Amino acid sequence: MARVVYVNGRYLPYAEAGVHVEDRGFQFADSIYEVCEVKGGRLIDETRHMERLERSLGELRIVMPMSRAALGLVMREVVKRNRITTGLLYLQVTRGAAPRDFPFPEGDVTPTLVCLARRVDDAKREARAAQGIAVTTMPDVRWGRCDIKTVMLLPAVLAKEAAAEEGAQEAWLVDPQGFVTEGASSNAWIVDPSGTLVTRPTGNAILPGVTRRTLLDLLSRENIPIEERPFRVDEAERAREAFITSASGTVMPVVAINKVAIGDGRPGALTLRLRSIFHQVAETSL
Ligand code: PDD
């Protein structure tokens, strides 16, 4: 089946889709994105993704390309036209196309909107979760506004590549004080020896993950102790359990950090339990 992508008002086959060569997303990464899980053909945590999209756009003073309701219709249509049951929806908004110049273009420039959806092999992802992933730590060389979900992802690309070259599936980024900020494309969590979950508080240093937020709701419902505080790499290596959260993997166990086994080197019991009940609290759109 030919895949279809939404670009600026039209649903097009991939081969016919494209954006302007002077799009500011292409030239300056002057652009915001969102990734939303699709499960059972439904969008997961759509409201929180939309809220974050609006916030990110607002921080960069890019206008919403259309109303939230209209955007919701486009997202559903893309999922439907591509017949996605399990997968991801990707949404990108750029400031639009204009002759290359650093300041914001004058006048009304129409934002570029791209929306696409992709199938994910659920069996493969579950197999990965059953095994757990390895992470490698490296310096966080990103900018000072990591709370904005921009497509300025070159540091993440390089970090993931370096991790992959070491046989790891994610990179944990470390600030100059030695504290883990987050994963290259996920939030980082540990379970301390007393069973308390630890994750870094939100702020400019990390992306406020939607999965992170929903998991916090789950923890409060389950009365699981949680401390929002920074943690160091050596504390993480001594943790009872570790995991990452993201829309693409929900709760994904980490079994090794810098080749040091976490716990007994297998996915932690609490991590697996949280993974199995995560969708009980996540919002599922109709
Ligand atoms: N990544 N931190 C970073 C730097 C991220 O890129 C992501 C998401 C997260 C987790 O956020 P959420 O739970 O809202 O997905 C944290 C997406 C999935 C990606 O770039 O593919």
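The ligand is surrounded by 20 residues (near: a heavy atom within 4 Å), and of these Tyr-33, Glu-182, Val-210, Thr-211 and Ala-247 come nearest. The model is predicted, with local features requiring pLDDT of at least 70 and side-chain atom pairs counted only at pLDDT 80 or more, whereas totals for chains, interfaces and linings use all residues. Residues are numbered from 1 along each chain as its sequence is written, and side-chain values use heavy atoms, without hydrogens and water.

Polar contacts are pairs of N or O atoms within 3.5 Å. An N or O atom in the side chain of Tyr-33 lies 2.7 Å from a ligand oxygen atom. The backbone also takes part: an N or O atom of Ala-247 is 2.8 Å from an oxygen atom of the ligand, and a polar backbone atom of Ser-185 is 3.3 Å from a ligand nitrogen atom. The ligand taken alone exposes 480 Å² (Shrake-Rupley method, 1.4 Å probe), of which the protein buries 89%.

The largest nonpolar core (buried Ala, Val, Leu, Ile, Met, Phe, Trp, Tyr and Cys residues joined through side-chain atoms within 4.5 Å; buried, under 20% relative accessible area with a 1.4 Å probe, protein chains only) has 23 residues, and Leu-53, Met-75, Leu-89, Leu-91 and Cys-115 touch the most other members. At least two residues each come from strands E3 (31-39), E5 (87-94) and E6 (112-119) and from helices H2 (46-60) and H3 (68-81) (DSSP runs of at least four residues for helices and at least two for strands, numbered from the N terminus). H3 gives the most, with five residues. Apart from this core lies another, of 19 residues, including Ala-129, Ile-133, Ile-244 and Ile-262.

Technical notes: Buried means under 20% relative accessible area, exposed over 50%, partly exposed in between (1.4 Å probe, protein chains only). A polar contact is a pair of N or O atoms within 3.5 Å; within protein, one must be able to donate a hydrogen and the other to accept it, and residues adjacent in sequence count only if both atoms are side-chain atoms.
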